[in-house]
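Here's a walk through one fold, from its charged pairs to its strands and cores. Have the chain open while you read.

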Amino acid sequence: VYGIALKQKKVLLCQERISGLDMLKFPGGGLEFGEGLTDGLKREIFEESGIQSTVKSHFYTTDFFVQSAFKSNEQLISVYFIVDLHDDVSGVKMQLSPSHDIQFFWEDLTPQLEKRMTFPVDRLVIRKLVQASQ
């Protein structure tokens, strides 16, 4: 589950490194057992940034097959929500574990950003956000 924070034609992204893999992605991650989508998203954003958030509205849910980048025998369903942050996370950099770090920053919401995103669903969401902003 992922959060889309928007501010003045910019979108909040994170550069995340997990076990040597660098990713440009939206803030968020996997749900814990028994957790709902919005509670999981708020927890993920807080764990990654130390910032509280409010989930505003649903934006997109994957409607096509996506194989996990980490486990070849699993598929993903990604859900994206528009969120408000209770503080500015730009520049926040956290070491979540010895093999996992993350940094947040605002990027201009342009068509060129789509090509820079690591994951195919994130690229599609950037495309949809650009279209919605025009």
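## Salt bridges

There are eleven salt bridges in this structure, and keep in mind that we're looking at a predicted model. Take Arg 17 and Asp 22: they form one of these pairs, with 2.9 Å between the closest N and O atoms. How exposed are the two ends? Arg 17 is partly exposed at a relative accessible area of 36%, and Asp 22 is partly exposed too, with 38%.

Arg 116 and Glu 107 also meet through their side chains, at 2.9 Å from N to O. Here the two ends land in separate classes: Arg 116 is partly exposed, with a relative accessible area of 45%, while Glu 107 has 19% relative accessibility and counts as buried, because the cut-off for buried is under 20%.

Then there's Arg 43 with Glu 44, a salt bridge at 3.3 Å, N to O. Are these two buried or exposed? Glu 44 is buried at 11% relative accessibility, and Arg 43 is buried as well, at 16% relative accessible area. The pair belongs to a wider arrangement: salt bridges with shared partners tie Glu 32, Glu 35, Arg 43, Glu 44 and Glu 47 into one network.

## The three-stranded sheet

Now for the strands. One sheet is open and has three strands in the order 1-6-5, and its pairing is mixed. Strand 1 (2-4) and strand 5 (53-61) are the edge strands, each pairing on one side only. From one strand to the next, the twist averages 40°.

Strand 1 and strand 6 (residues 79-85) run parallel, joined by three bridges. If you want a spot to look at, find Tyr 2, whose bridge partner in strand 6 is Tyr 80.

## Helices on the sheet

Which strands does helix 1 lie across? Helix 1 (residues 37-49) lies across strand 1, strand 5 and strand 6, and its direction is at about 55° to strand 6. Helix 3 (residues 120-133) packs on the sheet as well, touching strand 1, strand 5 and strand 6, and it makes an angle of about 100° with the direction of strand 5.

## A hairpin further along

Strand 7 and strand 8 make a hairpin, with two residues between them. Strand 7 (residues 93-97) and strand 8 (residues 100-108) run antiparallel and are held in register by four bridges. One place to check is Met 94, which has Ile 102 as its bridge partner in strand 8.

## Nonpolar cores

The largest nonpolar core has 19 residues, and the members that touch the most others are Ile 4, Val 11, Phe 26, Tyr 80, Val 125 and Ile 126. Tyr 80 is a name you've already met, as the bridge partner of Tyr 2. Who supplies this core? Strand 1, strand 3 (10-18), strand 6 and helix 3 each put in at least two residues. Helix 3 gives the largest share, with six residues.

A second core is separate from that one and holds 14 residues, among them Ala 5, Ile 45, Phe 104 and Trp 106.

Note on methods: Residues are numbered from 1 along each chain as its sequence is written. This is a predicted model: local features need pLDDT of at least 70, side-chain atom pairs count only at pLDDT 80 or more; totals for chains, interfaces and linings use all residues. Side-chain values use heavy atoms; hydrogens and water are left out. Two strands pair if DSSP finds at least two bridges between them. Axes are lines fitted to C-alpha atoms, for helices over the stretch in contact, and angles run from 0 to 180 degrees between N-to-C directions. Contact means heavy atoms within 4.5 Å. A salt bridge is a side-chain nitrogen of Lys or Arg within 4 Å of a carboxyl oxygen of Asp or Glu. Buried means under 20% relative accessible area, exposed over 50%, partly exposed in between (1.4 Å probe, protein chains only). A nonpolar core is a set of buried Ala, Val, Leu, Ile, Met, Phe, Trp, Tyr and Cys residues joined through side-chain atoms within 4.5 Å.
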